[in-house]
Amino acid sequence: MRELSMHILDLAQNSIAAGASRLEIEVAADTNADRLVISLQDNGRGMAPDFVSRVKDPFVTTRTTRRVGLGIPMFDAAARACDGRLAIQSSPGKGTYLAATFKLSHIDRAPLGDIASTIVTIIAVNPDLHLRYTQRVDDKAFIFDTDELKTQLDGVPLNEGPVLKWIGEYVKQGTSEETEIN
Amino acid sequence: MKTLEDLKKVREQALEQMKLREGKFSAKVVVAMGTCGIAAGAREVMAAILDELDKRGISDVAVTQTGCKGLCEQEPTVDIIKNGQSVTYGYVDADKARQIIAQHVVNGNVIGDWVVSAS
Ligand SMILES: Nc1ncnc2c1ncn2[C@@H]1O[C@H](COP(=O)(O)OP(=O)(O)O)[C@@H](O)[C@H]1O
Ligand SMILES: [Mg+2]
């Protein structure tokens, strides 16, 4: 994938396919430690322990349209190429937590890219999902939470055109300047 | 500067559009969002579709997604369901997506050259 935010969109699809109603995504850069951490926590159906231990292998998938699963192996490979690793914790019936580390300054690290577009896409097709996105650079943070929006919108769905447009602009603004990650 | 306060106005705009369509959708757009679709640019296609609908003030078109359909070679793919007919376009990019909205979704003209399957 050209951008880390495209991996995030792909991994969010896994959470949605697993029936998650809640998804928390965090992208955190620690400039002193020269480290970038991308994590996703969902409350979907989870995976059994033996499945988790094999899921980085592309031949492990529960899908039926294609015999190889690619999303997790690709994300794992992206982290490993940047002196990092992907850790997965999952419990059946509870949910799944994924966290990948990257060396922030690694020459092979893909840019975070258009995270606002990733968030708008997730919401456009999953308006009822409770999504929380946090982007951190050292001690600065931008937090976007669909629950706060829902209160303000009072019954208007998140996937209405004017709402999506606003979300895109709001996230773009919030993830620039002091919490910007390239 | 965007703040959560703007949402009051955004909400009014959305309600206006919802009232106009009276619960009826004239077409459905389905973007394939499997890993291969995303890697091939499905997100940019989605962004172009949302932007084109917004620019044209169209609010009675539903936009949804599907997972991998096994058409990995032809991704990004987009289905248009209109007038009881479903058409799948392949190798879609942002520019093609805008033309599909203009010609097929708005005017009902299928763009035959880009169709990979129809039913
Ligand atoms: N968040 C998740 N919750 C539950 N199961 C998951 C999750 N992420 C991945 N899986 C399981 O791991 C498999 C492999 O995932 P992935 O590598 O993304 O390939 P694919 O999505 O194409 O199957 C999925 O088919 C699914 O069974
Ligand atoms: Mg996947």
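Helices (H or I, at least four residues) and strands (E, at least two) are DSSP runs, numbered from the N terminus. The model is predicted: local features need pLDDT of at least 70, side-chain atom pairs count only at pLDDT 80 or more, and totals for chains, interfaces and linings use all residues. Residues are numbered from 1 along each chain as its sequence is written, chains are lettered from A in the order in which they are written, and side-chain values use heavy atoms, with hydrogens and water left out.

**Exercise 1. Describe helix 5 of chain A and its two ends.**

Step 1. Helix 5 spans residues 146–153 of chain A, and A:T146, A:L149 and A:L153 in it are buried (under 20% relative accessible area, 1.4 Å probe, protein chains only).

Step 2. These residues lie on the same side of helix 5 of chain A, because they cover an arc of only 55° around the axis; the arc is that of the directions from the helix axis to the C-beta atoms.

Step 3. Their packing partners in chain A are helix 4 (115–125), strand 5 (130–137), strand 6 (140–145) and helix 6 (161–174), and helix 1 of chain B joins them.

Step 4. At the N-terminal end, A:D145 caps the helix, with a side-chain oxygen 2.8 Å from the backbone nitrogen of A:D147. Just after the helix, A:D154 has a positive phi of about 45°.

**Exercise 2. Characterise the interface between chain B and chain A.**

Step 1. Contact (heavy atoms within 4.5 Å) links 34 residues of chain B with 38 residues of chain A.

Step 2. The size of an interface is often given as the accessible area lost when the parts come together. Here the buried area (1.4 Å probe, summed over both parts) is about 3100 Å², and carbon and sulfur atoms give 61% of it.

Step 3. There are 6 salt bridges between the chains (a side-chain nitrogen of Lys or Arg within 4 Å of a carboxyl oxygen of Asp or Glu). One of these pairs A:E3 with B:R43 at 2.6 Å, N to O.

Step 4. On the side of chain B that touches chain A, helix 1 (7–21), helix 2 (35–40), helix 3 (42–55) and strand 2 (61–66) of chain B each give two or more residues. Helix 1 of chain B has the largest share, 10 residues.

**Exercise 3. Is A:D10 buried or exposed, and which residues does it touch?**

Step 1. A:D10 sits in helix 1 (residues 4–17) of chain A.

Step 2. A:D10 has a relative accessible area of 3%, so it is buried.

Step 3. Leaving out residues up to four places away in sequence, A:D10 touches A:M1, A:G71, B:G34, B:T35 and B:I38.

Notes:
Buried area is the accessible area (1.4 Å probe) that two parts lose on being put together, summed over both. Buried means under 20% relative accessible area, exposed over 50%, partly exposed in between (1.4 Å probe, protein chains only). A polar contact is a pair of N or O atoms within 3.5 Å; within protein, one must be able to donate a hydrogen and the other to accept it, and residues adjacent in sequence count only if both atoms are side-chain atoms.
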